[in-house]
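Here is a friendly walk through one protein model, written for someone who likes to know how each term is defined. Please keep the viewer open while you read.

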Amino acid sequence: MKSCGVSLASTTSSFRDDGKKMAAGKESSECKDGSLSLTAEEKEVLGGLDSRLFGFVRLHEDGARTKTLLGKAVRYYESLILKAEGKVESDFFCQLGHFNLLLEDYPKALSAYQRYHNLQSDYWKNATFLYGLGLVYFYYNAFHWAIKAFQEVLYVDPGFCRAKEIHLRLGLMFKVNTDYESSLKHFRLALIDCNPCTLSSVEIQFHIAHLYETQQKYHFAKEAYEQLLQTENLPAQVKATVLQQLGWMHHNVDLLGDKATKESYAIQYLQKSLEADPNSGLSWYFLGRCYSSIGKVQDAFISYRQSIDKSEASADTWCSIGVLYQQQNQPMDALQAYICAVQLDHGHTAAWMDLGTLYESCHQPQDAIKCYLNATRGKNCSNTSSLAGRIKFLQASKAHHPKTEPVLGLCQTPILQQSLPLHMIHSNQVDGLSNSAERKRTSSPTKHLEQLRANKDHLSPAQKLMLEQLETQLVLMQQVLHKGQSSHMSGPNDEQPPFSTGPAQYLQAASVGVQKQTGPQTLPSNSVTQGAALNHLSSHIATSGGQQGINFTKENKPSGNRSLVPEISRHAGDTPNGCVVVKGLSNHIQQLIAEPVGSPNHGDCTSPDLLISDSPQISATNIGKASDKASNNHPPIHTKTNNSVTSSPSSIIFTTTSSTKSTAQTTTHSVTSLNSPQNNLYKINREELQSLQSSAKPNLPIISLESGPQIIPSMSVSIYSSSTEVLKACRNLGKNGLSNSHIFLEKCPPPTPPTSPYPPLPKDKLNPPTPSIYLENKRDAFFPPLHQFCTNPKNPVTVIRGLAGALKLDLGLFSTKTLVEANNEHVVEVRTQLLQPADENWDPTGTKKIWHCESNRSHTTIAKYAQYQASSFQESLREENEKRMQHKECSDNESTSSDFSGKRRKGPFKTIKFGTNIDLSDDKKWKLQLHELTKLPAFVRVVSAGNLLSHLGHTILGMNTVQLYMKVPGSRTPGHQENNNFCSVNINIGPGDCEWFVVPEDYWGVLNDFCEKNNLNFLMSSWWPNLEELYEANVPVYRFIQRPGDLVWINAGTVHWVQAVGWCNNIAWNVGPLTACQYKLAVERYEWNKLQSVKSLVPMVHLSWNMARNIKVSDPKLFEMIKYCLLKILKQCQTLREALTAAGKEVIWHGRTNDEPAHYCNICEVEVFDLLFVTNESNSQKTYIVHCQDCARKTSGNLDNFVVLEQYKMEDLMQVYEQFTLAPSISSSSS
Ligand SMILES: [Zn+2]
């Protein structure tokens, strides 16, 4: 891969040298027939221009020549394509895409890239194409597609020269998508990379700080901002923005101190921010809000006024001004200010609310109702129900007081007919505001005053009051005017707001702003020209709250997330919350923040998905093949055909579990008490199992090597060629310098999640019975077909009933009592969760079902958790008793089934604690417990020869060691697949039950889509599937109860989620059966993790070599896959080694100790095998901080800061490869 540094430099220099020549040759290049041609030099220059230069070529002033050439090239290519009637090399389209991208002609770039994509089946090998495509998608806010394209670039070329730019943009997009963990990871990856990128490192640091703020990690945010301020030569704009954020955060966040201190800090920060950038309307606005909140009305007015002067009119500012006026008992001015606000933003809920309150205070319920109605229609109305209540109340009381004299916005009274006709401001009229703005200019308070004076004798008491007020105002206004126009600033003793002339004079400016704003919004949402005005480099800030948390009324929720900078809102026009702020970035970081975090309705900004779901329309309409791919990732969700509750899978299978049974777990488990799951289990006895054995063969995994992502491509001869041949073949390839390790291997296409299995299952097959096996004695447990049954890919899950009893396992060793006696100070990870109805997951307010599962982490000890567990049980018993008493008292036999699960009660939910991931790996501490588990049959044992995880040579906590879970009812293990798709074993200790939900492996792509749609990360987030949605998407869900002593076997790749029905403990670990299916799924997940930048806990490369050393494999399919992986790694090691040597980089022999764990890159967490890149410093300190080659190069281009340590001799690896041969099948005689 040609390095960008080189191509950038050569491009620039050739422009300088050949500029004149090119200019001279310009006329000659136009042929007589008007067709174009390019000179050799031009072609050479163009050859160095592709998507990687995006953001690095200047198109104005000194870059004008580039622009001219690109324009010419585009015309040239277009005419060529036209002449050839489209039948040209696909590369033409790719080039055309690049040129159009560099010219920022996005629609044309997209269309050219699409043509290329359609023509070139192995387009994924072309990193510059994927990068260009990602940039175009990014431009259109099609984040889903942009993320995919960018991830694929890094997958096919981890050393891509714009990796930093990609990480930056991934960080921004994940931030908008509220996937904060991923966002932080990518920002950090961007930050360590010393290559050039369109943002400076202080700007990236700023984004990290803002990310903390967005996550409400205010102390982290504060620290990060303050650290930024320490940076030497911090650019003024960055400084101003950082100070602005700090100021606003202090104003909003209670955690940062008592009110007085906070506000004083806030004001100091904002003042300093204004020193750095005196022209920030936003900082002035914030300052106004701070002053207002501490009662410095005068200063507040001055600040607001500055804000209006410095920036385009903002509804928030006007709304705040209105509040201030209203507090000063200047209803007329307040009225006008609010009207300015709603004119600028008709959906400004807060302004409508305040206006309503204002009308109410002036006894104009009719008008108040209108305002409240408008408020409910606002974008960010969060309290529709209380508003509706208020409206009802007003309507009712209106009937009692039919004749109130209107004071404000009078429609009946002739005097004020010219006044603000509130009812004129309806949504359909907002657009034509220039007229009403004109009218409003005549309706300033002075005008009113004149009118009122003229009608002095016929005024109502309210109007008289108003007249008095206006008279006073006039006096004050004259005082202000008298002080001279030179200074608007009132002195410290001047009590009067400088705005006392009312806001009318600003109306014109405001209405201009409105026109500007509304214009571009009339474009259709999927119009490709929509973002044409955008700067090519865009930045996205997830804003997480409205900034206008107006504190005038309690009901006044900030109206949300409209951006302050009109330019921004134009682009974000289609996103109701405007969460995404798009604008030119590199030099305008001060505009990066539309709305700082911290206002109360933090949670409102959760709809960037709207943005994304809108955006694929672009691709869907224009993108042909890509949209086919698209639909793969978005299986059509059928519209609800049946809304009735009974259509949900849950209610079909399950009637509610009786509460008494789930709470009083000490009673024996009557089979009938769990009617539905029970009926769904099919039982297999020994005879059946035996008969299964004969049919077991055809049922065994038939792993199609051709299907699915070709991570393990079907191998032909090459696996069997000797290692020396292989190495000879690749020896000559790596000579031309250091390059990334992927280049000389056959590339595999980036992995993609599987599409929903076709044909879809009929609805009656969506609640399959759970495969269950009842054991009666020890012999049953050790019966070999049991193993085959469990590992058969046809059975995503197997419940082995009565295992503990059959084996006489002493489960009491894992009871809470024994655990406390054994190790009471042992660490317990705690997940704080909401106690939800049995099979549903609601948002904390109980208003809608969501996928995101609240699960906050903390730590405690076994002793403390045990206490909690016990007291929770006691409390519940007491509650049960109380309920029983109540029932007796009311003797209402209708409601005897107490609804423990809270089916009817949707929040507020009780908080519960789940003690999880308790590490039982220490065999000194947990000797008895671990010994007891050796009684299990080999295939479920923690350690056994047939368990791949026993061949790692080191510990992976919780995978090849035991973990314990301590639960109270409702404790939830959210949805997941096991690490690297390994199998898992889970035994319920009791005394209570657990309920399991299980989805087969081949549906994980569907669940992944659901997660994406809900802005959740399938691999990293906590999510709880909505069963109705799964049913509609034809996803089968196994559902069953695990009783004490039952062992649940989760097969490779099975998706599952679990919740405790009663009080119980569980123990669990992972197992890797030696099957082709397990190995294939583990490797596939290894690759998917790599694409997703997620660490693979199982180092598959390391494991594959250990398998080759230690295990005899008789399954040809499994053998082929392992052998192929070894070959690939062998080639990689050899190639990299030779490249390093050729470049004069010494490879130092290091070797490895016996149980040395596999190594991971300290930066990107990818597994590093054999050749470790260790910083000089950590090498001399013997701390050996390992990097992968790509990350090493990002921090030190020529690797000067690194030593390369070698852990294996090539001869050794070659020998292992040679000696790994297919073992004769043991079972071949029987088949
Ligand atoms: Zn790395």
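The report below goes through the model's metal site, sheets, helix packing and some backbone details.

## Ground rules

This is a predicted model, in which local features need pLDDT of at least 70 and side-chain atom pairs count only at pLDDT 80 or more, while totals for chains, interfaces and linings use all residues. Residues are numbered from 1 along each chain as its sequence is written, and side-chain values use heavy atoms, with hydrogens and water left out.

## The zinc site

Let us start with the metal. Which residues supply the protein donors of the zinc ion? They are C1161, C1164, C1188 and C1191, each through its SG atom, at 2.2 to 2.3 Å from the ion. Donors here are N, O and S atoms within 2.8 Å of the metal (3.2 Å for Na, K and Ca); water is not among the atoms, so sites may look incomplete. Along the sequence, the donor residues follow the spacing C-x2-C-x23-C-x2-C.

The four donor atoms make angles of 103 to 114 degrees, and the site is tetrahedral (four donors earn that word if all angles lie between 85 and 135 degrees). For reference, the ideal angle for four tetrahedral donors is 109.5 degrees. Two of the donor residues can also be described by their accessibility: C1188 is buried at 8% relative accessible area, and C1191 is buried at 2%. Buried means under 20% relative accessible area, exposed over 50%, and partly exposed in between, with a 1.4 Å probe and protein chains only.

## The sheet around β20

An open sheet of four strands runs in the order β15-β20-β18-β19, with mixed pairing. Strands (E, at least two residues) and helices (H or I, at least four) are DSSP runs numbered from the N terminus, and two strands pair if DSSP finds at least two bridges between them. The edge strands are β15 and β19 (1186-1187), each pairing on one side only.

Strand β20 (residues 1202-1206) has five of its five residues buried. F1202, V1204 and E1206 point one way from β20, while V1203 and L1205 point the other way. In a regular strand the side chains alternate between the two faces of the sheet.

How do the partners of β20 line up? Strand β15 (residues 1147-1149) pairs with β20 in the parallel sense over three bridges, and W1149 has E1206 as its bridge partner. Strand β18 (residues 1171-1175) runs antiparallel to β20 and is joined to it by five bridges. Across that pairing, L1171 stands opposite E1206 and V1174 stands opposite V1203.

## An antiparallel sheet

A further open sheet has four strands in the order β8-β13-β10-β11, with antiparallel pairing. β8 (972-976) and β11 (1038-1042) stand at the edges with a single partner strand each, so one side of each has no neighbour in the sheet. Neighbouring strands of this sheet are turned by 15 degrees against each other on average, direction ignored.

Between β8 and β13 (residues 1055-1060) there are three bridges in the antiparallel sense. H976 stands opposite H1056 in β13.

## Helix packing around α7

Helix α7 (residues 127-139) packs against α8 (residues 143-156) at an angle of about 160 degrees, with the axes 8 Å apart. Axes are lines fitted to C-alpha atoms, for helices over the stretch in contact, and angles run from 0 to 180 degrees between N-to-C directions. The two helices are therefore roughly antiparallel (over 145 degrees, whereas under 35 counts as roughly parallel).

The axes of α7 and α9 (residues 163-176) come within 12 Å and cross at roughly 30 degrees. That makes α7 roughly parallel to α9.

## Backbone details

Two cis peptide bonds are worth a look. One runs from Y758 to P759, with omega near -5 degrees, and P759 lies in the loop between α35 (723-731) and β2 (771-774). Another joins G990 to P991, with omega near 5 degrees; P991 belongs to strand β9 (residues 983-991).

Positive phi values turn up at non-glycine residues too. E1165 has phi near 65 degrees, sits in the loop between β16 (1159-1160) and β17 (1167-1168), and is partly exposed at 34%. L1199 has a phi of about 65 degrees and lies in the loop between α48 (1189-1195) and β20; L1199 is buried, at 0% relative accessible area.

Notes
Tetrahedral: all angles 85-135°; square planar, octahedral: opposite > 155°, others 65-115°. Parallel < 35°, antiparallel > 145°, perpendicular 65-115°, else oblique.
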